[in-house]
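Student: I am new to this structure and would be grateful for a close look at a single part of it. Please choose one helix and explain how it sits among its surroundings.

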Amino acid sequence: MAQPVHVELGRRYHFAASHRLHSGKLSEQENDRIYGKCNNPYGHGHNYTVEVRFSGSIDPATGMIANLADLDTFVNERVIEPFDHRSLQDEVPAFREAVPTTENLCIEIFQRLKTFPRAKLEAVRVVETSNNSFEYAGN
Amino acid sequence: MVYLTRKLEFSASHLYHNPALSAEENRRVFGKCNNPHGHGHNYTLEVTIAGEPDPVTGMVLDLKELKEILDSEITQRMDHRFLNYEVAELKDQIPTCENVARVIWNLLEDKIPQGHLHRVRLYESADLFADCYRYGAKGAA
C-alpha cells in the first residue's frame with residue numbers, strides 16, 4: 001500500500017418527529033413572516049434521516065472502524081429513542097430554547113454523538129425531506 | 001477543481017470470520033455475518049475523480065475510460081464473487097465495508113490517467129457505507 005488511506009464508516013438512521021419553528025425572540029408577525037407554514041402552532045412532522053460518519057483505524061482483527069452493534073446501540077440510545085415519534089420542541093430539552101430547525105438538529109445530534117468512544121465523529125448530515133439536507137462537522 | 005462521480009453496482013457474497021478467535025468470539029463479534037455459508041449484498045460503488053476540465057475536451061476524465069477501468073479492476077474482480085475466497089486482495093482480511101472500500105481505493109488510485117482519485121464510497125446497503133480519501137486530502141465532497 002503506497003499512501004495511507006483515510007477511511008470513514010458511514011451509517012444512516014431514521015426517525016419521525018414533529019416540530020414547530022417559532023422563536024420566542026420574535027413577534028407573532030415576524031415569526032409568521034420568517035417561518036411561514038412551519039410556524040403553524042400545532043406543528044408538523046418529517047421523516048428524518050440521520051447520516052453519521054466516523055473515522056479511525058481499521059482493527060485488523062475485526063476489519064472494522066467500529067463494531068456496528070456498538071454504534072447502533074449508542075446512536076439509538078442518544079438520538080433515535082429520545083427523538084423518534086416525539087415533538088422536538090416539547091420533548092427534547094435543547095429545543096425549548098433553540099428553534100428546532102434542521103441546522104440546530106444537526107448540531108444537537110453532533111453534540112450527542114461526539115463522545116462515541118471507539119471512533120472519531122467526522123460529520124452529521126440530517127435529511128429533512130428529499131429536497132433539504134444539512135451537515136455539521138463540529139466547526 | 002471539478003469532482004466527477006461515476007456509480008456502479010455489483011453483487012457479491014462474504015462472511016466475517018477471524019481464525020485467531022474462538023467460535024464463540026467470532027459469533028459474539030460478528031453476529032449473523034459469521035454464518036459459515038456466507039451471505040450477499042448488492043453493493044453500490046461511487047468513485048469520485050477530482051481535476052480540471054481539459055481545455056480541448058471539456059472533460060476531467062473521459063467517462064468511457066473510467067468505465068473501462070472500473071469494469072476491469074472492480075466489476076470483473078468482484079461481481080458475483082465470494083469476496084473471501086475469490087478476491088486475492090482480500091485474502092487474510094475480514095471483508096467488511098471498510099476493508100473492501102480500502103482495497104478498491106488501492107486498486108484504483110494509481111490507474112486514473114487524468115485528474116486524481118478523490119473519494120471512494122462503497123455502500124453495502126442504503127444505510128451502511130465506507131468512504132476512503134487519501135490521508136490529509138479530505139476536502140470538498
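Tutor: The account below begins with the chain as a whole, turns to one helix, and then follows its surroundings outward.

The model is predicted, and its scores are ipTM 0.91 and pTM 0.93. For chain B the mean pLDDT is 96, with 98% of the residues at 70 or more. Chain B contains four helices and five strands, arranged along the sequence in the pattern β-α-β-α-β-α-α-β-β. Its C-alpha atoms fill a box of roughly 60 × 30 × 25 Å along the principal axes. Of the 141 residues of chain B, 33% count as buried. Among contacts in chain B with a separation of 6 or more, 67% are between residues 24 or more positions apart.

The part chosen for the close look is helix 4 of chain B, which covers residues 97-108. Helix 4 of chain B has 12 residues, and the distance from its first C-alpha to its last is 16 Å, close to the 16 Å expected at 1.5 Å a residue. Is this helix enclosed or open? Because 10 of its 12 residues are buried, helix 4 of chain B is largely enclosed by the rest of the structure. The buried residues include Cys97(B), Glu98(B), Asn99(B) and Arg102(B), as well as Val100(B), Ala101(B), Ile104(B) and Trp105(B).

The cover over these buried residues comes from both chains. From chain A it includes strand 1, and from chain B it includes strand 2 (39-51), helix 2 (63-78), helix 3 (83-86), strand 4 (116-125) and strand 5. A single residue shows this arrangement in detail. Not counting residues up to four places away in sequence, Ala101(B) touches Val7(A), Val120(B), Leu122(B), Ala130(B) and Cys132(B).

Ala101(B) also belongs to the largest nonpolar core, which has 51 residues. The members of this core that touch the most other members are Ile65(A), Val100(B), Ala101(B), Ile104(B), Val120(B), Leu122(B) and Ala130(B). Helix 4 of chain B gives the most to this core, with seven residues. Another core, of five residues, lies apart from it, with Tyr16(B), Val29(B), Phe30(B) and Ile94(B) among its members.

The helix also has a place where the two chains meet. There, 26 residues of chain B are in contact with 20 residues of chain A. Helix 4 and strand 5 (128-134) of chain B each supply at least two residues of the side of chain B that touches chain A. Strand 5 of chain B gives the most to that side, with seven residues. By class, the side of chain B that touches chain A comprises 14 nonpolar, six polar and six charged residues.

Strand 5 of chain B, part of the cover of the helix, is also joined to chain A by strand pairing. It runs antiparallel to strand 1 of chain A (residues 5-19), and seven bridges join the two. In one of these pairings, Gly10(A) has Phe129(B) as its bridge partner.

Strand 1 of chain A also holds Tyr13(A). Tyr13(A) counts as partly exposed, because it has 19 C-beta neighbours inside 10 Å. Leaving aside neighbours within four places in sequence, Tyr13(A) is in contact with Val50(A), Val75(A) and Ile80(A).

Notes: Residues are numbered from 1 along each chain as its sequence is written. Chains are lettered from A and ligands numbered from 1 in the order in which they are written. This is a predicted model: local features need pLDDT of at least 70, side-chain atom pairs count only at pLDDT 80 or more; totals for chains, interfaces and linings use all residues. Two residues are in contact if their C-beta atoms, placed from the backbone, lie within 7 Å. Ala, Val, Leu, Ile, Met, Phe, Trp, Tyr, Cys and Pro count as nonpolar, Asp, Glu, Lys and Arg as charged, and the others, Gly among them, as polar. Two strands pair if DSSP finds at least two bridges between them. A nonpolar core is a set of buried Ala, Val, Leu, Ile, Met, Phe, Trp, Tyr and Cys residues joined through C-beta atoms within 7 Å. A residue is buried if 20 or more other C-beta atoms lie within 10 Å of its own, exposed if 12 or fewer, and partly exposed in between; C-beta atoms are placed from the backbone. pLDDT is the predictor's confidence in each residue, from 0 to 100. The expected span of a helix is 1.5 Å times one less than its number of residues.
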